Amino acid sequence: DTVNEKRERVLYELGLDYKSAGLVDRAEQTFLGLQSSNMAKPANEWLLNIYQQDRDWEKAIATAQLLAHDEQTYQFEIAQFYCEIGQNHFFRGNLNAAQEAVQAALLANPKCTRANILLGDIHQKEGNYRSAIDAYTAIEKQNYAYLTMVGEKLYDAYEALGKAQAGLD
């Protein structure tokens, strides 16, 4: 072991100690200081954990992208983080930003049912019922089991278009 490798390991352990003690800001700074070291991967894994706990979705996405490799792409997690961002925008009534986040989620993971549920909700709120139906029915191809979660919303969209019977079918 070189002196540098020992120093990096000691810093990593210090970051863990800070995290255990609840000194999250110090832990984050310590782990960020290890970005160009041999301890970058475990440091980034802890940073991802910190950012998820802090609900700092942008930093979580960036960190997951740094960690992504062939065996573990982090696509599922990245899509969920974008959905969190989209959900926050949706609740604030910022539908364009919510839709952008949903599109990013679907780019990260095309099988993300949560993204299509949210996309359907956005279109529904905009009164764009045809697009809401498209988003909700896309869930069937992603994961059939989740279709029951949007059954009522799907019916409401059909009913708004004056096609209640089609909604029941």
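In which helix is the place of Gln124? I looked this up first in the predicted model, and found Gln124 in helix α7.

**Entry on Gln124.** I checked the exposure of Gln124 and noted a relative accessible area of 17%, so this residue counts as buried, the cut-off being under 20%. Leaving aside residues up to four places away in sequence, I listed the contacts of Gln124 as Tyr129, Ala132, Tyr136, Lys153, Asp156 and Ala157. I also took the separation between the C-alpha atoms of Gln124 and Lys141, which lie 17 residues apart along the chain, and the value is 20 Å.

**Entry on α8.** I turned next to helix α8, which covers residues 129-142. Its 14 residues should span 20 Å at 1.5 Å a residue, and I found its end C-alpha atoms 20 Å apart, which agrees. As buried residues of α8 I wrote down Ala132, Ile133, Ala135, Tyr136, Ile139 and Gln142; of these, Ala132 and Tyr136 are also among the residues that Gln124 touches. When I asked what the buried residues of α8 pack against, I obtained α6, α7 and α9, the last of these being residues 151-160.

**Entry on α5.** I then examined helix α5, residues 75-91, whose 17 residues reach 24 Å from the first C-alpha to the last, close to the 24 Å expected at 1.5 Å a residue. Its buried residues are Ile78, Ala79, Gln80, Phe81, Cys83, Glu84, Ile85, Gly86 and Phe90. I noted that their cover includes α3 (40-53), α4 (57-67), α6 (95-108) and α7 (113-126), and α7 is the helix that holds Gln124. Just after α5, I recorded a positive phi of about 85 degrees at Gly93.

**Entry on the cysteines.** How many disulfides does the count come to? I got 0 disulfides. Cys83 is in none, and the nearest cysteine sulfur, that of Cys112, is 3.8 Å away. Why is there no bond from Cys112 to Cys83? A disulfide needs the two sulfur atoms within 2.5 Å, and I read the sulfur of Cys112 as 3.8 Å from the one in Cys83, its closest cysteine sulfur, which is therefore too far for a bond. I checked the exposure of both residues as well: Cys83 is buried at a relative accessible area of 0%, and Cys112 counts as buried at 2% relative accessibility.

Key. Residues numbered from 1 in each chain as written. Predicted model: local features only at pLDDT ≥ 70, side-chain atom pairs only at ≥ 80, totals over all residues. Heavy atoms only, no water. Helix = DSSP H or I, 4+ residues; strand = E, 2+ residues; numbered from the N terminus. Expected span 1.5 Å × (residues − 1). Buried < 20%, exposed > 50% of the residue type's maximum accessible area, 1.4 Å probe, protein only. Contact = heavy atoms within 4.5 Å.
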